[in-house]
Amino acid sequence: MYAETGRSPWRPWRSALAQLLAALLAGCAHAPPAAVAGGGGDAALGQVVSPDNPDRALLATAIFMETNRARLANRVPPLGRLPELDSAADEQALHMALSLHTEHSNPMPGEQTPADRVARAGFRAKRVAENAIMWPAHPPGEPDRAAYTYSALAAAIVQGWMDSPGHRANLLNPAFTYLGCAARFARTGLGYPRVFATQVFALPSGADTGQK
């Protein structure tokens, strides 16, 4: 869980090494979440997730939809989705998948904090928060045979955040108005497939929160 106010200057720098390593990850052939920000119908979300050939964009959409379901169930206004925030979320999901570690920091120039990543994506934010998680790509019990659908995997991931007080606070914070989501797949040293998912919440610069 990460919450931060303000933003850092945008430094337009990208690592060729990170791009090369990204190609080694499962699901690298799919477009980033920003490319299909509004995609994914109910039928598609019912498809079974293949950890070795996942549709990362579809899972990001499922996480976005499940997040708004959780907010509405708790009488909190739903969030809008922005490709810039999807991009910021994907930067950190990629870093976590490469390092096999869940965190909010990032050693890449211009990507050290959630606010840095949002600014780098071109979004001017007054307030930023980030949720991150590592989750098994198979349901518990029979990892070699059981499989999630995209909707079920998204529901499990969002519930994981809801079960953590800090993450839940970000997810249900009525001050935020926009959300970006991303998911990357990687295998641990023992070969177990994992999902590294990220949410980025933001309030645009200049927005009036009504709070002092």
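This is a short walk through one protein model, from the overall layout to helix 3, a loop residue and strand 5.

Keep in mind that the model is predicted. Its secondary structure comes to seven helices and five strands. Along the sequence, the order is β-α-α-α-β-α-α-β-α-α-β-β. There are 212 residues in the protein, and 48% of them are buried. For contacts between residues at least 6 apart in sequence, 75% join residues at least 24 apart. The exposed surface is about 9,700 Å², with 57% of it supplied by carbon and sulfur atoms.

Now helix 3. This helix covers residues 56-73, which is 18 residues. From first C-alpha to last it reaches 26 Å, close to the 26 Å expected at 1.5 Å a residue. Is helix 3 largely enclosed by the rest of the structure, or largely open? Here 14 of its 18 residues are buried, so helix 3 is largely enclosed by the rest of the structure. The cut-off behind that statement is a relative accessible area under 20%.

Next, the two ends of that helix. At the N-terminal end, Asp 55 acts as the cap: one of its side-chain oxygens lies 3.3 Å from the backbone nitrogen of Ala 57. At the other end, just after helix 3, Arg 75 has a positive phi of about 60 degrees.

Going back a few residues, we come to Ser 50. Ser 50 sits in the loop between helix 2, residues 42-45, and helix 3. Why is Ser 50 classed as partly exposed? Its relative accessible area is 32%, and the partly exposed class lies between 20% and 50%. Ser 50 and Tyr 150 are 100 residues apart along the chain, yet 9.6 Å separates their C-alpha atoms.

Last, strand 5, residues 193-204. Of its 12 residues, 11 are buried, so this strand too is largely enclosed by the rest of the structure. Which strands pair with strand 5? One is strand 3, residues 125-136, which pairs with strand 5 in the antiparallel sense over 11 bridges. Within that pairing, Pro 136 has Arg 194 as its bridge partner. Strand 4, residues 178-187, also runs antiparallel to strand 5, and 10 bridges join the two. Tyr 178 stands opposite Ala 202 of strand 5. Strands 4 and 5 form a hairpin with five residues between them. In that turn, Gly 191 has a positive phi of about 90 degrees.

As for side chains, in a regular strand they alternate between the two faces of the sheet.

Note on methods: Residues numbered from 1 in each chain as written. Predicted model: local features only at pLDDT ≥ 70, side-chain atom pairs only at ≥ 80, totals over all residues. Heavy atoms only, no water. Helix = DSSP H or I, 4+ residues; strand = E, 2+ residues; numbered from the N terminus. Expected span 1.5 Å × (residues − 1). Buried < 20%, exposed > 50% of the residue type's maximum accessible area, 1.4 Å probe, protein only. Polar contact = N/O pair within 3.5 Å; in protein donor to acceptor, adjacent residues only side chain to side chain. Pairing = 2+ DSSP bridges. Contact = heavy atoms within 4.5 Å. Areas by Shrake-Rupley, 256 points an atom, 1.4 Å probe, with all protein chains shown as cover.
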